[in-house]
Amino acid sequence: MARAVTSRRKLVNTTVAWAIGLLIFFPILWTILTSFKTEAQAIASPPIFLGFDWTLENYSVVLERSNYGRFLWNSILIAGGSTILGLIVAVPAAWSMAFVPSKRTKDILLWMLSTKMLPAVGVLYPIYLLFIKLGLLDSRAGLVIVMMLINLPIIVWMLYTYFREIPVEILEAARMDGATLKEEVLYILTPMAIPGIASTMLLNFILAWNEAFWTLNLTAVNAAPLTAFIASYSSPEGLFFAKLSAASTMAIAPILILGWFSQKQLVRGLTFGAVK
């Protein structure tokens, strides 16, 4: 009886999980399908799911109209640079909070996380003026700094959680053997927290890749990433849904492929320390 109830519960959980997964994936699937339609088929009512004439015209127009490679390269540099810079700042911060905590450590962590609740538009104007003064407007360096700062609370929180799962006795043993602080962080702590660090890097890279608000407001031409590439297909003449879908598919394809091949590492890192 108990085994039957357990099997039924597993079946229900699996069905619900698949239903939620398909519900989340459907907008992506619809975007991909729309990218292969003509403009007339893209706005047809009722919508056409599979019974349409497949065409690559939208991709051809997008590639002829825009320098896709430049937008892609900017996205890689901005997302990758902000991820590396964020780790350089966050690893020492998370180490100090995890292994040398103070009475205010939890307050600091909560304060850092609370900054994510601040509406981005509330600080756009001062940051915009600051970027003009510093000559960082429409530059990859400026976007790297902004992306690092807006994702830094999440990076620190994740690394802090992972570091807390590492026995402090191991680090104490390393100190007794003469390890310096640099050696302790680089050769003891970092290798033990590789799953957590890897998942943090992947999550930060994805968040930076998908960020649209700051990229659309702080860039114009030189540092415009793929989010600006997508927005360029919204014009005063209206929305060209088929071409917009083709541009969106080309923008999300690299990150989808990265997520697909790194999903095991991402899940392993996100659940690191969850089971004791």
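Me: At roughly what angle do the axes of helix α4 and helix α10 cross?
Reply: In this predicted model local features need pLDDT of at least 70, side-chain atom pairs count only at pLDDT 80 or more, and totals for chains, interfaces and linings use all residues. Residues are numbered from 1 along each chain as its sequence is written, and side-chain values use heavy atoms, leaving out hydrogens and water. Helices are DSSP runs of H or I, at least four residues, numbered from the N terminus; axes are lines fitted to C-alpha atoms over the stretch in contact, with angles from 0 to 180 degrees between N-to-C directions. The axes of α4 (residues 68-99) and α10 (residues 194-210) come within 9 Å, and their crossing angle is roughly 140°.

Me: Are α4 and α10 roughly parallel, roughly antiparallel, roughly perpendicular or oblique?
Reply: Roughly parallel means under 35 degrees, roughly antiparallel over 145, and roughly perpendicular 65 to 115, the rest being oblique. The axes cross at roughly 140°. The two helices are therefore oblique.

Me: Which residues of α10 make the contact with α4?
Reply: Contact means heavy atoms within 4.5 Å. On the α4 side the residues include Leu72, Ile76 and Leu87. On the α10 side they are Ile197, Met201, Asn204, Phe205, Ala208 and Trp209.

Me: Which helix gives the most to the largest nonpolar core?
Reply: A nonpolar core joins buried (under 20% relative accessible area, 1.4 Å probe, protein chains only) Ala, Val, Leu, Ile, Met, Phe, Trp, Tyr and Cys residues through side-chain atoms within 4.5 Å. The largest has 33 residues, of which Leu218, Leu226 and Phe229 touch the most other members. Helices supplying at least two residues each include α4, α10 and α13 (241-261). With six residues, the top contributor is α13.

Key:
Buried means under 20% relative accessible area, exposed over 50%, partly exposed in between (1.4 Å probe, protein chains only).
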